[in-house]
Amino acid sequence: MDRNRLQHQVACMRRSLFDQGYLDEPFIQLEELQDDANPNFVQEIVTLFYSDSARLIQNIEHALNSRPIDFNKLDDYMHQFKGSSSSIGAKKVTNECTVFREHCSAENAEGCIRSFQQVKQEYAILRRKLEVYLQMVGQAAVSQTA
C-alpha cells in the first residue's frame, strides 16, 4: 500500500476514534510524548493499560461473585480501572466506570453486574479498535523509513 494512502487511512481511523467517543484528550497528550527517542511510547503505555485492565477486571469479577458483596472493595477496583482508562483517554470506558461506581455507592448489586457488562463491552471494543489503529500506525512508520 502506498505511503500516502496508508497515512490517510491512519488519520481517518484516528479521527473516527475521537468522533465516535472512544478516545479523548489524554490520548493526544500520549501521542505528543512519543518521539524519535521513544518511538513506541504509545504502544507501550497501551500495552500496560491492557495488562493492568486484565488484572482489575479479574479482581472485579471475583469481588462481584463474593458474598456478601464488598461494595467498598468493588469501588476501589473500579476507581483504579477508571483512572487507568482516563489516563490513556479511553472516554467510553471511563464513562461506564463512572456508572458502575454510582451503583456501588447505592449498593446496587444488580446495577453493578449490568454496568460491569457494559464496562467490559466498551473495553473490548476499544481494545480491538486500538489494536488495529496501532498496527496501522506501526505500518505507516515502517513505510516512512523504507
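Accessible areas here come from the Shrake-Rupley method with a 1.4 Å probe. On that basis the protein chain exposes about 8,400 Å², and carbon and sulfur atoms supply 49% of it. Please keep in mind that this is a predicted model.

Let me start with the overall picture. The protein chain has six helices and zero strands. Read from the N terminus, the order is α-α-α-α-α-α. The C-alpha trace spans about 60 × 30 × 20 Å along its principal axes. Of the 146 residues in the protein chain, 38% are buried. As for contacts with a separation of 6 or more, 66% of them are between residues 24 or more positions apart. On charge, there are 16 positive and 20 negative side chains in the protein chain, and the centres of the two sets lie 5 Å apart.

Now to the two ends of the chain. Ser-143 is in helix α6. Is Ser-143 buried or exposed? Its relative accessible area is 18%, so Ser-143 counts as buried, the cut-off being under 20%. Ser-143 and Asn-4 are 139 residues apart along the chain, and their C-alpha atoms are separated by 9.5 Å. Leaving aside neighbours within four places in sequence, Ser-143 is in contact with Arg-3 and Leu-6. Helix α1 covers 3-19 and helix α6 covers 109-145.

Further along α1 we come to Arg-14, which is in that helix. Arg-14 is partly exposed, with a relative accessible area of 23%. Which residues does Arg-14 touch, not counting those up to four places away in sequence? They are Ile-28, Glu-31 and Tyr-133. There is also a long-range pairing by C-alpha position: Arg-14 and Val-137 are 123 residues apart along the chain, with their C-alpha atoms separated by 9.6 Å.

Take Glu-31 next, as one of the residues that Arg-14 touches. Glu-31 is in helix α2, residues 25-33. Not counting residues up to four places away in sequence, Glu-31 touches Arg-14, Val-42 and Tyr-133. Tyr-133 is therefore a contact of Arg-14 and of Glu-31, contact being heavy atoms within 4.5 Å. The C-alpha atoms of Glu-31 and Val-42 are separated by 6.1 Å, the two residues being eleven apart along the chain.

Next, the largest pocket. About 380 Å³ of space lies in it. The lining has 17 residues, and Gln-34, Pro-39, Val-137, Gly-138 and Ala-141 lie nearest the centre. Val-137 we have met already, in the C-alpha pairing with Arg-14. Which helices each supply at least two residues of the lining? They are α1, α3, which covers 41-65, and α6. Helix α6 gives the most, with seven residues.

Two backbone details are worth a look while the model is on screen. A cis peptide bond joins Arg-67 and Pro-68, with omega at about -10 degrees. Pro-68 lies in the loop between α3 and α4, the latter being 71-88. The second detail is at Glu-107, where phi is near 55 degrees, a positive value in a residue other than glycine. Where is Glu-107 placed? It is in the loop between α5 and α6. Glu-107 is exposed, with a relative accessible area of 57%, the cut-off for that class being over 50%.

Last, Asn-95, on the other side of that loop in sequence terms: Asn-95 is found in helix α5, residues 91-105. Its relative accessible area is 42%, so Asn-95 is classed as partly exposed. The C-alpha atoms of Asn-95 and Val-119 are separated by 8.6 Å, and the two residues are 24 apart along the chain.

To recap: six helices and zero strands, a largest pocket to whose lining α6 gives the most, and a cis peptide bond between Arg-67 and Pro-68. The contacts of Ser-143 include Arg-3, and those of Arg-14 include Tyr-133. That is the tour.

Technical notes: Residues are numbered from 1 along each chain as its sequence is written. This is a predicted model: local features need pLDDT of at least 70, side-chain atom pairs count only at pLDDT 80 or more; totals for chains, interfaces and linings use all residues. Side-chain values use heavy atoms; hydrogens and water are left out. Helices (H or I, at least four residues) and strands (E, at least two) are DSSP runs, numbered from the N terminus. Buried means under 20% relative accessible area, exposed over 50%, partly exposed in between (1.4 Å probe, protein chains only). Lys and Arg count as positive and Asp and Glu as negative; His and the chain ends are not counted. The place of a charge is taken as NZ of Lys, CZ of Arg, CG of Asp or CD of Glu. On a 1 Å grid over the protein atoms alone, a cavity is a set of points where a 1.4 Å probe fits but cannot get out, and a pocket is an open set with protein on both sides within 12 Å along at least five of seven lines; lining residues have an atom within 4 Å of a point. Grid points are joined across faces, edges and corners, and a volume is the space filled by probe spheres set on the points.
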